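Here is a walk through one model, from the DNA contacts to the place where two protein chains meet. Have the structure open while you read.

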There are 2 protein chains.
Amino acid sequence: MTKPDKRKKPKTGTASKRSRLLPDEREKQIVLEAIRFFAEVGFDGQTRELARRLGITQPLLYRYFPTKQDLVDRVYKEIYLTRWNPEWQDWIEDRRQPVAARLKRFYAEYYPAIVNHDWMRIFFQAGMRNVGFNQRYLKLVRERILLVLCAEVRRELGLPSVAARPVSPAELELYWGLHGSIVYDGIRQYIYGTAVPPDPVAVTNAKIDIFMAGIKAAVTNLLK
Amino acid sequence: MTKPDKRKKPKTGTASKRSRLLPDEREKQIVLEAIRFFAEVGFDGQTRELARRLGITQPLLYRYFPTKQDLVDRVYKEIYLTRWNPEWQDWIEDRRQPVAARLKRFYAEYYPAIVNHDWMRIFFQAGMRNVGFNQRYLKLVRERILLVLCAEVRRELGLPSVAARPVSPAELELYWGLHGSIVYDGIRQYIYGTAVPPDPVAVTNAKIDIFMAGIKAAVTNLLK
DNA sequence: ATTCTTGTTTATCAAATGATAAATAGTGTT
DNA sequence: AACACTATTTATCATTTGATAAACAAGAAT
């Protein structure tokens, strides 16, 4: 194959300067690039390619993360911790405004938090593996948002309270339907690679209005 | 590591019998197992592991598929060709029954066609790569189902025809919302690994009813 | 029974890839 | 200016993994 001397390259070219960052800075830099990198190519992406994008050598990664898996775990953690606002639950429960308005407020902030390249793709990369990352996150959505929403909708529409008539799996499923109708945008964009919707906020609000128009009859039917 | 002689294993054990199938049979067998295998572990799954599951040796795969990529492409093709019923478009256009009933009929058949382990996971594995597989499939959904549906809904509700007032991206987006609210079930089940809904047909029908309850106002608003 | 065809296995390669040890060099301290 | 510390690179390993060539053997043809 005629590769006489691969070693001993004079390195008189560009990347000759060592940068020598503080460990905390370097680590953060690695994590941020790793998120982008793994989001793009998947967790099977090579450490050498990641290092190249960082402008460092591959063994340096192992100074900061003992194994590749440690780096992957760190990426999960970073994504998970950064993008959930605990106040969201309060917004859903804020009875000073109608449920539709609360939902619009919530999704106006939730949508950009998760409908973006890195979050969507890391989340689905996780799903293709067997880690419990997705389950943990969806548990948040279910318990902090959707179940709370069930109760608020029942109340606003004058239906039996969830204390009197517990939320059935089928009823909850309708709320997952609302959620899915909205986040499916992100899946189409960043997983399937289709064109983006023109005005996400307006479209999302319209979906919320459609949902609210039909939810009373649907829940009433389930409570019969 | 003390692995003195890895070769020359007597093979007096179980898998000693050569099966020798007809080429067509073997190829079909490989493709079917490859679908399950790649759906489960992703397209980075190893050919050796796939061969092991098939009970054949790894080089035999290369007798039937010159490269791994050829096998992967075949898996795409198989999944793509098998699971689309051309009659579906006719169902949506079948004016002998109301649109809601047509939708329920369609999704009763569409749902099980795609909400299953193999289809969902292959489809998302494809999405994590850069192949045009997903775009091609979504194009089918958009043109053969959703755009047709737009026109039928307009007609049934006495709104301006799509000829008079073309479907805007925002309007189409609402129909993607319906679609997403239904198939999101499959994503939660097979990508995120959460529990299955109790009665998919009933839940899907309820989602359709909710959608139909709100779509008129939403479209009217967009046409203003 | 012998021969022939070809489906299948055995043995093996080359490149890719996660990981490690030792050498190098940037930065602050004395 | 000499030294110490350590962030970074160089060199290298071991395993994994897609792929190939040659040997083997099941079943049909003679």
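## DNA strand D

Let's start with DNA strand D, which has 28 residues around it; Leu21(A), Arg26(A), Arg63(A), Tyr64(A) and Gln46(B) come nearest. A residue is near a molecule or strand if one of its heavy atoms lies within 4 Å of it. Bear in mind that this is a predicted model: local features need pLDDT of at least 70, side-chain atom pairs count only at pLDDT 80 or more, and totals for chains, interfaces and linings use all residues. Residues are numbered from 1 along each chain as its sequence is written, chains are lettered from A and ligands numbered from 1 in the order in which they are written, and side-chain values use heavy atoms, with hydrogens and water left out.

Of the strand D atoms within 4 Å of the protein, 62% belong to sugar or phosphate and the rest to bases. On the phosphate side, the side chain of Arg63(A) puts an N or O atom 2.5 Å from a phosphate oxygen. On the base side, Arg48(B) has a side-chain N or O atom 2.8 Å from a base nitrogen of strand D, and a polar side-chain atom of Arg20(B) sits 3.3 Å from a base nitrogen. α3(A) gives the most to the surface near this strand, with 4 residues; helices (H or I, at least four residues) and strands (E, at least two) are DSSP runs, numbered from the N terminus. By class, this surface has 10 nonpolar, 6 polar and 12 charged residues. Here Ala, Val, Leu, Ile, Met, Phe, Trp, Tyr, Cys and Pro count as nonpolar, Asp, Glu, Lys and Arg as charged, and the others, Gly among them, as polar.

## DNA strand C

Over on DNA strand C, 29 residues surround the strand, and the closest are Arg18(A), Arg20(A), Gln46(A), Leu21(B) and Arg63(B). An N or O atom in the side chain of Arg20(A) is 2.5 Å from a base nitrogen. Two chain B residues go for the backbone: Arg63(B) has a side-chain N or O atom 2.6 Å from a phosphate oxygen of strand C, and Thr57(B) has a polar side-chain atom 2.9 Å from a phosphate oxygen of strand C. The largest share of this surface, 4 residues, comes from α3(B).

## Inside chain A

Is Val75(A) buried or exposed? Val75(A) counts as buried because its relative accessible area is 0%, where buried means under 20%, exposed over 50% and partly exposed in between (1.4 Å probe, protein chains only). This valine is in helix α4 (residues 68-82) of chain A. Leaving out residues up to four places away in sequence, Val75(A) touches Ala34(A), Ile35(A), Phe38(A), Phe43(A) and Ile122(A); contact means heavy atoms within 4.5 Å.

## Where the chains meet

Chain B uses 40 residues to contact 40 residues of chain A. Together they bury about 3400 Å², 72% of it on carbon and sulfur atoms; buried area is the accessible area (1.4 Å probe) that two parts lose on being put together, summed over both. Met128(B), Tyr192(B) and Ile210(B) supply 22% of the area that chain B buries against chain A, more than any other three residues.

There are 2 salt bridges between the chains, a salt bridge being a side-chain nitrogen of Lys or Arg within 4 Å of a carboxyl oxygen of Asp or Glu. One of them pairs Arg188(B) with Glu173(A), whose closest N and O atoms are 1.9 Å apart.

Note on methods:
Polar contact = N/O pair within 3.5 Å; in protein donor to acceptor, adjacent residues only side chain to side chain.
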